Amino acid sequence: YKSHSGGILDILEDLKEKAEEQLSALRRAETNAKHNYDMLKQSLEDQIAADTKDMEETKSAKAAAGEAKATAEGELAETVKELANSKSVLETVRSDCMQSAADHEATVKARAEELKVIAEAKKILVETTSGAVDQSYSLLQMAVVRSGGDLAQAEVVTLVKRLARQHRSAALAQLASKVASEFRYGASNGDDPFVKVRGLIQDMIAQLQAEAEAEATEKAYCDEQLAKTKAKKEELDDDIEKLTVKIDQASSKSARLKEEVQALESELAALTKMQAEMDKIRADTHAAYETAKADLTLGLEGVRKALSVLREYYGGAALLQGGSRFAALMQQPAMPVTHTKSTGAGTGIINILEVCESDFAENLAKEETEEADAQSEYEKTTQENKVMKTLKDQDVKYKTQEIKSLAKSLTELSADLESAQTEHAAVMEYYGKIKERCIAKPETYEERKRRREAEIAGLKEALSILENETALVQRKSRRHMRGALTMA
C-alpha cells in the first residue's frame, strides 16, 4: 500500500506543482498582457497627443503661410509696380541725358563756329577797314569817342573781359568781343552803340539767370532722385539681407531634418532586422517546443496506459497475497502450491514507470513554462518594437512633410531673392547714371551758382556804367545843341 500510495502522492504533488506552474504562467501572462495593454494605451495616447500638437502646429503654420503669402503677393505687386515706375524713370532720365548731351554738343559746336566766324570777320576788318574808318568818321565823332564816353566804353569792355577771365566763361569772352566791336564800329550806322551794348548785356544777364534757374531745377531734381534711389537701394539691401538669412536658416533646418530622417530610417531598418531575427528565433524555439511537447505527451500517455494495465493486473495479486498472509495468521491449512503472479517484479516495474511518468510530466511542465515565458517575452518585446516603430514612422512622416514644406519655402524665397536682386541691379544701374549726371562733375552746383551770381553782378555793374554814361552824353549833347542855337 505504501508503495502504491507513494506513487499516487507523487503524481498528486506533480499535478499540484503543474497546476501552480500553470497558475503562475497564467498570472504572468495576465501581467504581461496588462503591461502590453498599458504600454499600447500610453503609446496611442502619446501618439494622439503628438498628432494633435502637430495638427495645431500645421494649422498655425498654414495660417502663417497664408498670411505671409498674402503679404508677399502684396509686396510683389508693389515691387512690380515700383519696378515699372523705376524703369519708366530710367528711360526718361536716359532720354533726358542723351538729349542734354546732344544739346550741349550742338551748343559747343555752334559757339566754336560763331567764334571762328567772328575771328575771321575781325581779321578781315582789321586788314581792310583801317583807312576807311579814318575817312568815314568826322572830327566831332572822333572827339566824342575820345571823350569821357571812350573811358566808359573801355571800362565796360575791361570789366566784361575780366569777368570772362576770372570765371573762364567763353560766353562772356564772346560778349566782350561783341561789346568792343559794337563800341568801335556801331556808330558808323548812325545807331547809338550804348543802346545796343546795353541790349547785349541785358540779354546775357537774362541768359545767365535762365541758366541759373535751369541749374537750380536740375539740382532739385538730382537731390530728389538721389534721395529716392538711395532709399530704394537701402530698402532692397535690407530685403536681400532678410531673404538671404531666411534662405540660410531654411537650408540649415532642411539639412538637419534630412540627417534626422536618415538616422530614423537607419534605426527603423535595424529595428526591422532585429524583429525579423526575433521572429525566426521564436519560430525555431516554438517548433522545438512543439516537437518536445509531442514526444513528451506521447511518452507520458504511453507510460500512463502501461501503468494502468500493470496496476489493473498486479493490483489483484496484491490482494490475494494479502489474503494468504491473513490466512496464515489465522493458522489455516496451507493451500496447495499453485502459480502466482510476479507481484514484486510488477511492483518494481510500476515504480520505475511512475518515476518515468513523473520525469515526463516534470519535463513537459518545464517545457510549457519555458515556452510560455519565451512567448510572453517575445510578445512584450514585439509590442515595444511596434510602439517604437510607430513613433519613428510618425517622426519620419512629419519630418518629411516639413522638409517638403521647407523646399517649397526655399523655392519661393529664392524666387523673391532673385526678383529683389534683379530690381537691385536695375536700381544700382540707375543710381550710377544719376550720380554720373548729378555728382560726377568738375564743378559743384554751389560753385556754379556763385560763379553765375558774380557774372550777373559784374554785368549789372557794366550796365550801370553804360546807363550813367548814356545819361551824361545826352546831357552834354543837349547843352551843345542849345549853345549852337544861341550862337545862330
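## Overall picture

Of the 488 residues in the protein chain, 24% are buried, where buried means under 20% relative accessible area, exposed means over 50%, and partly exposed is in between (1.4 Å probe, protein chains only). Keep in mind that this is a predicted model, where local features need pLDDT of at least 70, side-chain atom pairs count only at pLDDT 80 or more, and totals for chains, interfaces and linings use all residues. Residues are numbered from 1 along each chain as its sequence is written, and side-chain values use heavy atoms, with hydrogens and water left out.

As for secondary structure, the protein chain has 8 helices and 0 strands, so the pattern along the sequence reads α-α-α-α-α-α-α-α, with helices (H or I, at least four residues) and strands (E, at least two) taken as DSSP runs numbered from the N terminus. The accessible surface comes to about 32600 Å², and 58% of that belongs to carbon and sulfur atoms; areas come from the Shrake-Rupley method with a 1.4 Å probe, and for residues only the protein chains shown count as cover.

What share of the contacts in the protein chain with a separation of 6 or more comes from residues 24 or more positions apart? The figure is 91%, with a contact meaning heavy atoms within 4.5 Å.

## Nonpolar cores

In soluble globular proteins, nonpolar side chains tend to be buried together. Here, the largest nonpolar core has 16 residues, and the members touching the most others are Val-156, Val-160, Leu-172, Leu-175, Val-179, Ile-201 and Met-204. Helix H4 (148–167), helix H5 (170–185) and helix H6 (193–329) are the elements that give two or more residues to this core. A core of this kind is a set of buried Ala, Val, Leu, Ile, Met, Phe, Trp, Tyr and Cys residues joined through side-chain atoms within 4.5 Å.

There's also a second, separate core, made of 15 residues, including Ile-240, Ile-247, Leu-410 and Leu-417.

## The largest pocket

Now for the open space. The largest pocket holds about 1900 Å³. On a 1 Å grid over the protein atoms alone, a pocket is an open set of points with protein on both sides within 12 Å along at least five of seven lines, a cavity is a set where a 1.4 Å probe fits but cannot get out, and lining residues have an atom within 4 Å of a point. Grid points are joined across faces, edges and corners, and a volume is the space filled by probe spheres set on the points.

The pocket is lined by 43 residues, with Ala-65, Ala-68, Lys-69, Ser-409 and Glu-412 nearest its centre. H1, H6 and helix H7 (343–438) each supply at least two lining residues, and H1 gives the largest share, 20 residues. By class, the lining has 14 nonpolar, 8 polar and 21 charged residues; Ala, Val, Leu, Ile, Met, Phe, Trp, Tyr, Cys and Pro count as nonpolar, Asp, Glu, Lys and Arg as charged, and the others, Gly among them, as polar.

Glu-412 itself sits in helix H7 and counts as partly exposed, at 44% relative accessibility. Its C-alpha is 9.8 Å from that of Ala-72, although the two are 340 residues apart along the chain.

## Enclosed space

The count comes to 2 cavities of 30 Å³ or more. The second largest has about 30 Å³ of space and is lined by Asp-14, Leu-15, Lys-18, Leu-300, Arg-304 and Ala-361. Helix H1 (2–128) and H6 are the elements giving two or more residues to that lining, with H1 providing the largest share, 3 residues. The class split is 3 nonpolar, no polar and 3 charged residues.

## A few residues up close

Is Gln-394 buried or exposed? This residue of helix H7 is buried, because its relative accessible area is 18%. Leaving out residues up to four places away in sequence, Gln-394 touches Gln-47 and Asp-51.

Leu-200, in helix H6, is partly exposed at 22%. Leu-200 touches Leu-175 and Lys-178, again not counting residues up to four places away. Leu-200 and Lys-178 are 22 residues apart in sequence and 8.3 Å apart in space, C-alpha to C-alpha.

Ser-464 belongs to helix H8 (residues 445–487) and is partly exposed, with a relative accessible area of 33%. Between Ser-464 and Arg-198 there are 9.2 Å, C-alpha to C-alpha, for a sequence separation of 266 residues.
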